[in-house]
Amino acid sequence: MSVNERDPHTGHMLTGHEWNGIKELNTPVPKPVWIFLIAAFLFSVACWILLPAWPLGSTYTKGLLGTDQRDVVTEQVHNAAMARSVWTGKIAAMDYAAIRRDQALMTMVRQDGHRLFGDNCAACHGINAMGGKGYPNLIDRDWLWGGDAETVAQTIRAGINSSDENTRVSQMPSFGRDGMLDGKAIFAVSQYVLSLSNPGAVKGTPAETLRTGAKVFADNCAACHGPKGLGDHAMGAPNLTDNIWLYGGDAQTIYTTIYDGRHGEMPAWSPRLSATDIKILTLYVLDRGGPPQ
Amino acid sequence: MVSGLTIGERQGAIVILVLLAVIGTIMAAAAGRTGDPMSVHGFIVLLFSLAVLAVVFWGYYTPAPDEGRLKSYYDDPSKAGIIIAMIWAVIGMFVGDWVAWLLAYPDLTFDAAWSSFGRLRPVHTTGVIFGFGGNALIATSFHVMQRTSRARMPDQLSPWFVLVGYNLFCILAVSGYLLGITQSREYAEPEWYADIWLVIVWVTYLVLYLRTLARRKEPHIYVANWYYLAFILVVAMLHIVNNLAVPVSYAGAKSYSLFSGVQDAMTEWWYGHNAVAFFLTAGFLAMLYYYLPKRAERPIYSYRMSIVGFWGITFFYMWAGSHHLHYTALPQWVQTLGMSFSAMLLIPSWIAAANALLTLNGAWHKVRDDATLRFMMMAAVFYGLTTFEGSFMAIRPVNSLSHYTDWTIGHVHAGALGWVALITFGSIYALVPWLWKRERMYSLKLVEAHFWLALAGTLVYVFAMWNSGVIQGLMWRTYNESGTLAYSFVDSMIAMHPYYITRAIGGLLFLAGALIGCYNIWMTIRRPAPVAESARWDAPLPAALQPAE
């Protein structure tokens, strides 16, 4: 094949190379390509002149703009904190009741609390704070540990059965596994517990069993759950009469709870979250539960 | 298969396989004493070598090939490579779609460790990149290097060693992830012994390629070969440096990288981005440069653009890796360099894409009628789109929005599905009839159907991820009047849900296309309709035979 062959379709010359039938045109690189290449190079040169760019031994060219990503971030974080301090300062200074009366401040709490709760608490308590099995509903006004603001804040700060030295400690003993009660007694007391909130569910149960259950309860459970089963905030022991269940209120689950015991855990959030953040979360949780009583 | 090997090569294969079986036994025994999962890999190596050994023995007494073989190209490894590539395609894409559904419905893990997202994801990436892509590259490179050099490969054993050895690596990689064996380096997850094995295989590959080129009967080396060579050479370099590690014990899988901290991150992304460059771009550009002009029967638009494109791509890519680490502990000057070189990289990338599309001048009617050529054309279009997007995303302020979001996933898949997979399918549809000497594919309608499924799947996938990525990026940076972020991470997860479902459907379409492709290829091979010798697609080998070795 001649080097001077011309491709009839494009009118360009061929290079004369051929590989298994593939030929090449000798088309020059179009001008715009060079223009773009030069433009991209100029853009790069501008970046190199303005920004930190080329290493020089143990240092580097700092760039005419004199920016540095660390300084930029530090400054941005500082400025954001300053802007927020307008209202976070008030949160830190005022008491809970006063803040809850201040609608403007509560708007901030709701906005910030939504994000804080979503990023830190929702994994266990659910995005709506309504909990799930083993994780309490935080907006039903039924509290394990008590619902006044300082108590809730303390729960969040120190956690429950956590590694923090001030942690709240609670334990539902495993009466069956540890051999404190036999199966019959556990069955009886579980039926009794069921009858406290749901008398209809134990219609078929012999009165004798319920009486035994009541006795077992008085002997073994009342110390924590109270003589009437109304619970005790000091022990973190739930109210058993209200049809609000942490682990479940059917006969089988109650039996399992008593047999195996329960040991809920919640991590401590101080110092991971700042005191103000914990205050905001406390307000947020209480606010989600409805207006102050 | 074995009948193509000389008696000496058959004996060589047996020696290699027995050695491998011994190594497997030692691995199994040594690691078995401590209960290390590497022992499972020992058994896999043993079984693998015994299985291949059985194949060699099975064909051992077939007559040795005569000198006449030297008059033709050696294509058996390419045929096997294409079939293996399609099998990996189905496995890799199936697992990919599985993890896509897993992201939409995270509970679908059967409570088993092996089926968690963290273990399945690398099965997907390794399956499609190394299994599908790698085997397709090896198979086509064997085909192209012989044709464009007008020379037969120097021997019959080393191509098989490369292909079979490479697949042993892939099997070790994928099974390791399920067992929990991983270096936790993205796209370089396999542990030290698998890495060493790949080095041996890869060096053999490089030597084989160079030996074939050295025997070439053409005065010049064609562009496709430049790209294949760059692919082989640079991947060797990347693989060795990024995988430098010290095993905790020779009887165990665990190793620790030689790098730590920010150097480690930089090495990993120097590797990661150049894997994109030299594995997923250079190698597939080689395919594009051979199969597209061949199928279109048009000359390459511009030899000069080929040159500028090649050197631009190979030079600029080397610097771009740090754009994966914008706004991290990596010093800012490295980020600036990564950003600026990524911007310049756009020009040679577009030169390559434009050169391919302009080659179709005078063949656009074929693009309309021939789905195989359309696969390749569409691949070049996606190549252009993806490289534009990549350079754009490398600009720091843009990256601050796109980074860590699904936009990155969308970008990768525009490249992986739209560019890499489409050019591979196009090349395979061109190559299968040539290799098996058939007039054409079994069903052109099915090729057409595959094309539209693949295109639809890619578009659905990419648009879903663009949407979800930009929404994520915006949600993560939206502030409200209290001066804090408006959305929690969970809020953004909930917003992603519909897009995850859409993406999984896109993936399903793409997988369906690949399955149709498998069926079509299978039927093409099974239904012999050989073409006349005169209508072959290869120029004959030069009359002067190379002496047998």
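## Domains, cores and a surface patch

The domain assignment divides chain A into domain 1 (14–60), domain 2 (71–167 + 275–289) and domain 3 (183–260). Keep in mind as you look around that this is a predicted model. Between domain 1 of chain A and domain 3 of chain A, the C-alpha centres are 79 Å apart.

Let's start with the nonpolar interior. The largest nonpolar core counts 166 residues, and those with the most contacts inside it are B:W202, B:F231, B:F279, B:W419 and B:F425. Helix 8 (residues 261–296) of chain B supplies the largest share of this core, with 18 residues. If you would like a place to zoom in, try B:W202: leaving aside residues up to four places away in sequence, B:W202 touches B:Y166, B:F231, B:I232, B:V235, B:A236 and B:F279. There is also a second, separate core of 33 residues, which includes A:I91, A:L246, A:W269 and A:V285. In soluble globular proteins, nonpolar side chains tend to be buried together.

Chain A also has nonpolar side chains on its surface. A:W34, A:I38, A:F41 and A:L42 form a nonpolar patch there, with about 420 Å² of accessible area together. One of these residues, A:L42, makes a handy contrast with A:S190, as the table shows.

| Residue | Helix of chain A | Relative accessibility | Class |
|---|---|---|---|
| A:L42 | helix 1 (residues 31–50) | 52% | exposed |
| A:S190 | helix 7 (residues 183–197) | 4% | buried |

Why is A:L42 classed as exposed? Its relative accessibility is 52%, and exposed means over 50%, so A:L42 falls in that class. A:S190, at 4%, counts as buried because the limit for that class is under 20%. And what does A:S190 touch, not counting residues up to four places away in sequence? Its partners are A:I254, A:Y255 and A:I258.

Helix 6 (residues 149–158) of chain A is worth a visit too. This helix is mostly covered, with 7 of its 10 residues buried. The buried residues are A:A149, A:T151, A:V152, A:A153, A:T155, A:I156 and A:A158. An α-helix has 3.6 residues a turn, so residues three or four places apart point the same way. What do the buried residues of helix 6 of chain A pack against? They meet helix 3 (96–101) and helix 11 (275–288) of chain A. Just after helix 6 of chain A comes A:G159, which takes a positive phi of about 75°.

Notes. Residues are numbered from 1 along each chain as its sequence is written. Chains are lettered from A and ligands numbered from 1 in the order in which they are written. This is a predicted model: local features need pLDDT of at least 70, side-chain atom pairs count only at pLDDT 80 or more; totals for chains, interfaces and linings use all residues. Side-chain values use heavy atoms; hydrogens and water are left out. Domain bounds come from an automatic or database domain assignment. A nonpolar core is a set of buried Ala, Val, Leu, Ile, Met, Phe, Trp, Tyr and Cys residues joined through side-chain atoms within 4.5 Å. Buried means under 20% relative accessible area, exposed over 50%, partly exposed in between (1.4 Å probe, protein chains only). Helices (H or I, at least four residues) and strands (E, at least two) are DSSP runs, numbered from the N terminus. Contact means heavy atoms within 4.5 Å. Patches are made of residues with over 30% relative accessible area and no salt bridge: like charges are joined within 9 Å, nonpolar side chains (Val, Leu, Ile, Met, Phe, Trp, Tyr) within 5 Å. Accessible areas come from the Shrake-Rupley method with a 1.4 Å probe; for residues, only the protein chains shown count as cover. A salt bridge is a side-chain nitrogen of Lys or Arg within 4 Å of a carboxyl oxygen of Asp or Glu.
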